[in-house]
Amino acid sequence: MEQRTIAEIGVCSLIIIFCAVILWQAAKLPPGSFEPLGSAPVPQATAGIVICCCLIVIVRAIVQIRRQPPLAHHVRDELTGRSPRNALVMFGGTLAYVGLLQLGMLSFGVLTFAFLLLLIMTLNRFSKSSLLPATITAALFGFGIEFLFTRVFVVDLPV
Amino acid sequence: MDLNALFVAIQQILSTHALLMLLLGTGLGIVVGAIPGLTGAMLIALTLPLTFYMTPFNAVVLLVSMYVGAISGGLITATLMRMPGTPAAVMTTFDGYPMARSGRPGRALGLGITASFVGGLIAWVVLLTITQPLSILATRFGPFEYFSLIMMAMVLIASVSEGSLVKGLISGLLGMLISMPGVDPASGMPRLTFDWYVLNGGLQLLPVLIGTFAVSQIIADALDIGKVSQNSKVDSRGVLMSLADLRRHALNMIRSSFIGTWIGILPGIGASIGSVVAYTAAKNMSKTPEEFGKGSEEGIIASEAANNATVGGALIPLIAMGIPGSVIDAILIGALTIHSIQPGPTLFLTNADIVWGIIATCLLANIVMWLMMTSSVRYIAKLIYLPRSYVLPVVIVFCVVGSYALNNTLFDIWVMLGFGVIGFLLERAKIPLGPFVIGFVLAPLGEEKLRSGLMMTAGDITPMFTRPFSLAFTLAAVVLLVWPLYNDWRRRRATA
């Protein structure tokens, strides 16, 4: 299986930080008053084991890198290749969409229509041929979802 | 075995509303399973909010039929595009694609569809016969038995999941840790909430699931959005298997179905492992092993019979013990909980209609799947070429709505997006996501059982090693943990 040493080191380091925060928070919990275990030991033990496992993965990854230098080769292998543009557009666009939903400036249907239209057009690099299908898709799902959820399923929607 | 209850459930499903759910669920499952990048887990997680206002019976009919459909639909993409529509169809690509390229796509799909159907039926018979006795046995389990069973399940999931044991453990335990913030089940006091009131209720299953499985997949798919797939034409020739074919492949089909069912029963192991084991067994026992990987009929049959059989198998621990047999079962547990149904050994007593509904749906959905796929596979095959630049933005809107609908809070949407990033990063580091979700679902139950057990014994842990079932599960967990490490050590020593 392809090994991604840089990603392993990065992700496991983040997990260790998260577990350290959990350990620190769990240390503040009072001991159990009417039951033997209390609230803290289970999260503490779990976080402790996760930290140990992450350290094993990090050490293995470092050994792997030292066996097959140079480091730049690993970095290049893992960080180049597919362009992250579309993933960034997709995720960034969604963050902006949810942010606007939170502000409540526009109705769900209008905002979703605009979001879908812009996102589909951006992913298709604003090609003229995609304008019509993008508009139809955006209208169908933007207003369609609003109708389906509010009128048929009677589920509340943001805004 | 209460056959009368089964017939009542079948009759109830064949009533207008539930029948519609069955047809819709199976159809949608097949389509989503066939579209690369969209998975059954994603579909079921996104459909959950729609079931809030349905009766629990109709909700399980819809979700279980989606489960059956999605596992089956994956074979279309695996065969025509060499891309498994669902992870369970990976092994089908090895022989399905070469056969399709050699001008026999209909034959490849036909073998896969019938094998899926037979696998589903055999697993259903096992589901029908052993679930109730197993649940009766499970009612004798005390808190220590449950805790040790959950520990065994977690180790099992970690040891067989993709990648290393250590990464599987990280994933499972991280999932457990993520489920812990919120009100402490024993003391009723907030725990690990960072004095943030929105965390008092803990992180909800639905946004975590949608984020981990759907959003992370969308981010990953967006990286490949421009990839153009080669279009293959499918006709109806060879889609139906002849009786002679059935006779010739019967042994392989039955063996693979039983392997898939057994692997499905083991907690936490999904359809992918089932198809790998059945494929390997078929290859080892074949008279023509050299044809495997080059368009072997036996290879397609083994993979598809096994991956569909895992569905029925995985439902057994879910119904009998409340332990998910796969990731989708973890979502189904969440669905039952949302509908105020407590999965576990008493389910047969408290919600017998739901249990028989699940069992009956498993049978009927397999029949519907076979009918739909044999009659319309050539049309379904066209859907797999839908451009992702249109599909993914629409799916993300469904993710937003699905996360919001549970509690009507925008906080859940942010949680979903956060877990999308976490899922994506874990996948980048080749840390499997299955154990994460199963750990998230099982942790509250495991902690509750441990703490109530310790309360009963005033802090004495020895019953875990003195009670027979508990000892057996604990020993199994230790063996499952030590065995891969020992093997790894032996391999390293041999190569040194």
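Is B:A458 buried or exposed, and how many other C-beta atoms lie within 10 Å? B:A458 is exposed, with 8 other C-beta atoms within 10 Å. That is one stop on a short tour of this model, which is predicted. The legends below take it view by view.

**View 1. B:A458, in a loop of chain B.** Here we look at the loop between α18 (434–456) and α19 (463–466) of chain B, where B:A458 is found. Its backbone has something to show: phi of B:A458 is positive, about 55°, although the residue is not a glycine. As for its surroundings, B:A458 counts as exposed because 8 other C-beta atoms lie within 10 Å and the cut-off for exposed is 12 or fewer.

**View 2. B:F194, in another loop with a positive phi.** B:F194 sits between β2 (190–191) and α9 (205–223) of chain B, in the loop that links them. Phi of B:F194 is near 55°, a positive value in a residue other than glycine. With 9 other C-beta atoms within 10 Å, B:F194 is exposed.

**View 3. Helices α6 and α15 of chain B, packed together.** Two packed helices are described by the angle between their axes and the distance between the axes. For helix α6 (residues 105–138) of chain B and helix α15 (residues 352–383) of chain B, the angle is about 170° and the axes are 9 Å apart. That makes α6(B) roughly antiparallel to α15(B). On the α6(B) side, the contact is made by B:L109, B:I113, B:F117, B:G120, B:L121, B:W124, B:L127 and B:L128. On the α15(B) side, look for residues including B:I359, B:C362, B:L363, B:N366 and B:W370. Sorted by class, this contact has 14 nonpolar residues, three polar ones and no charged ones.

**View 4. The largest nonpolar core and its best-connected members.** There are 220 residues in this core, and A:V50, B:A45 and B:C362 touch the most other members. Where does the core lie with respect to domain 1 (5–79) and domain 2 (85–152) of chain A? Both domains give residues to the core, so it lies between them. As for B:C362, it also turns up on the α15(B) side of the helix contact in View 3.

**View 5. B:A45 and B:A214, two residues in contact.** Start with B:A45: leaving out residues up to four places away in sequence, it touches B:L206, B:L209, B:I210, B:F213, B:A214, B:I331 and B:G402. Now move to B:A214, which lies in helix α9 of chain B. Apart from its neighbours within four places in sequence, B:A214 is in contact with B:M42, B:A45, B:L46, B:V395 and B:C399. B:A214 is buried, with 27 other C-beta atoms within 10 Å. For a sense of scale, B:A214 and B:A330 are 116 residues apart in sequence and 15 Å apart in space, C-alpha to C-alpha.

**View 6. B:S65, inside helix α4 of chain B.** Helix α4 covers residues 56–81 of chain B, and B:S65 is found in it. B:S65 counts as buried, with 29 C-beta neighbours inside 10 Å. Setting aside residues up to four places away in sequence, B:S65 touches B:M21, B:L22, B:G25, B:T26, B:G29, B:T361 and B:A365. From B:S65 to B:I341 is 276 residues in sequence, and 19 Å in space from C-alpha to C-alpha.

**View 7. B:I422, inside helix α17 of chain B.** This helix takes in residues 410–428. B:I422 is buried, with 23 other C-beta atoms within 10 Å. The C-alpha atoms of B:I422 and B:A330 are separated by 19 Å, while the two residues are 92 residues apart along the chain.

**View 8. Chain A, and where it meets chain B.** Chain A has six helices and zero strands. Its domain assignment gives domain 1 (5–79) and domain 2 (85–152), and the C-alpha centres of these two domains lie 38 Å apart. Buried residues make up 30% of the 159 residues in chain A. The contact between the chains takes 54 residues from chain A and 55 residues from chain B. Among the helices of chain A that each supply at least two residues to this contact are α1 (5–27) and α4 (85–103). Which helix gives the most to the side of chain A that touches chain B? That is α2(A), with ten residues. The residues on this side of chain A divide into 39 nonpolar, ten polar and five charged.

Terms used:
Residues numbered from 1 in each chain as written. Chains lettered and ligands numbered in written order. Predicted model: local features only at pLDDT ≥ 70, side-chain atom pairs only at ≥ 80, totals over all residues. Axes fitted to C-alpha atoms, helices over the stretch in contact; angles between N-to-C directions. Helix = DSSP H or I, 4+ residues; strand = E, 2+ residues; numbered from the N terminus. Parallel < 35°, antiparallel > 145°, perpendicular 65-115°, else oblique. Contact = placed C-beta atoms within 7 Å. Nonpolar A, V, L, I, M, F, W, Y, C, P; charged D, E, K, R; others polar. Core = buried A, V, L, I, M, F, W, Y, C linked by C-beta atoms within 7 Å. Buried ≥ 20, exposed ≤ 12 C-beta atoms within 10 Å, placed from the backbone. Domains from an automatic or database assignment.
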